[in-house]
Amino acid sequence: VNLAHILGDGEKWLVDLFHATIHASEEESAFCKAFTVVTKMFSYYPKSVREECGQEIWQQYTQPLKMTSDGNVDSDSLWKSLYVFYCLKNYFFPLEESVKEDLVFNLSSDNFWTIVQAGLVGVDPSHRKLSMYLLKRLVDTCNKNKCTLNAPVAGETTSKKFSDKVPLFWWSPKYGDQLTVIWDHFFLMIETLEEKQVHVIKPLLPRMQKLLDASSITSEEGLPLLHSSWLVTIVTRCFHHDSIYMSRWGAQILLNLDLNKVPLVKHHQLKFLSHDLLMYLQENKLYSRYEGTFLGNCSPIGQALKTFFANLFSSLTKDQKVEYLRNLLQIICDNSWGSIPMVFVFQGLSHVPADPVVGPELLQLIRQVLQTCLTFHEIVTRG
């Protein structure tokens, strides 16, 4: 049945019907039913109406994610975006090569990839499954259709935008085989981290080195084979894992990174390093020694912190150093840090080369730490 043929000049009516459907209800079950209907409607709509409605949906659900008061991603808005992309996957991410221009246009949005990454590290398993499905489909589609996405086409030189901001995801037929292998490693790592048994995960952990190498290797166009934010995704999943072993393994991977080779700061991951990582470093369980180590030896995480802060500060500008220290001290003041994490963190900071970055504001925070956070700690810790 062709609705356009039946209704004649009824495009406005079709658009009104579309709006009435997608705004039918904010309640979850009704929302699911509404977009199931929209999916069927799209197959009958004339191309002009389909494009108009599709563009409206894309703009609405690729907006920056809403945040809760505690700084986390709003779960409801994240789920809705992922579910909409899933329902309309055949429209937004077509498999047919004849419409790959539309695919390339849609996937040029960094907001879309940020939503996918947020889903991969979400607490809700349904978010992770939807994000993984979308990511797998997109990699397969790009490889099958030989798309050139967020990368210079053959014969072009690297444009200025790549020196300023590296895309979260890119694809080029020239590197199709390499990129496919790298993403297969990534998928396997993420899927394996869904397992709760460590003995199932351990055999796959060496693959992480291949992803680290991919983040440090650049193409001829100057793009890393894997954006370092995807490494952060894996580490974050480790932080949320039920096993202490995996939590410590993820922390060690991150703290031992060579930030000159894996440019987390250049790839705009400083927010993660100055908030999410610091929030997790307050966990006492990270600092336990491995079985078989001698009494008095520093824990692996404590040892890694000594080089991490020095490594990190060497890659920051003066303003970034001030901001990082401010965030660190503020997090210590605002949260209940135990004596063990605090000792190791400040021990790590003591290995940072001297640099005149402490101003009046930081001195006030240091004073606050001394007056409030250390009051109830043991004397040896305060010393």
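What volume does the second largest cavity have? Hi everyone, let's start there. The answer is about 40 Å³ for the largest cavity, and for the second largest, the one I asked about, about 30 Å³. Before I go on, please keep in mind that this is a predicted model.

So, the cavities. If you search the whole structure, you get two of them at 30 Å³ or more. I'll stay with the second largest for a moment. Its lining is made up of M208, L212, L231, V232, V235, I253, L254, L257 and L264. Three elements each give two or more residues to that lining: α13 (207-216), α14 (229-239) and α15 (244-255). Helix α14 supplies the largest share, with three residues. And what about the chemistry? Sorted by class, the lining of this second largest cavity comes out as nine nonpolar residues, no polar ones and no charged ones.

Now over to the largest cavity. Which residues line it? You'll find P167, L168, F169 and W170 there, then W183, then L225, L226 and H227, and W230 as well. The class count for this lining is eight nonpolar, one polar and no charged. For those of you who like to think about probes: rolling one the size of a water molecule over the atoms shows where empty space is left.

Okay, zooming out to the whole chain. How many helices and strands are there? There are 21 helices and zero strands. The chain has 383 residues, and 49% of them count as buried. On the surface side, about 19,500 Å² is exposed, and carbon and sulfur atoms supply 55% of that. On contacts, take the pairs in the chain that sit at least 6 apart in sequence: 70% of those contacts join residues at least 24 apart.

Last stop, one single residue, S77. You can find S77 in helix α5, which covers residues 75-87. Buried or exposed, what would you call S77? Buried, because its relative accessibility is 14%, and the cut-off for buried is under 20%. As for its neighbours, leave out anything up to four places away in sequence, and S77 touches L65 and K66.

To recap: a chain with 21 helices and zero strands, two cavities of 30 Å³ or more, and a buried serine at S77. That's my bit, thanks for listening.

Technical notes: Residues numbered from 1 in each chain as written. Predicted model: local features only at pLDDT ≥ 70, side-chain atom pairs only at ≥ 80, totals over all residues. Heavy atoms only, no water. Helix = DSSP H or I, 4+ residues; strand = E, 2+ residues; numbered from the N terminus. Buried < 20%, exposed > 50% of the residue type's maximum accessible area, 1.4 Å probe, protein only. Contact = heavy atoms within 4.5 Å. 1 Å grid on protein atoms, 1.4 Å probe; cavity = no way out; pocket = protein on both sides within 12 Å on 5 of 7 lines; lining within 4 Å. Points joined across faces, edges and corners; volume = space filled by probe spheres on them. Nonpolar A, V, L, I, M, F, W, Y, C, P; charged D, E, K, R; others polar. Areas by Shrake-Rupley, 256 points an atom, 1.4 Å probe, with all protein chains shown as cover.
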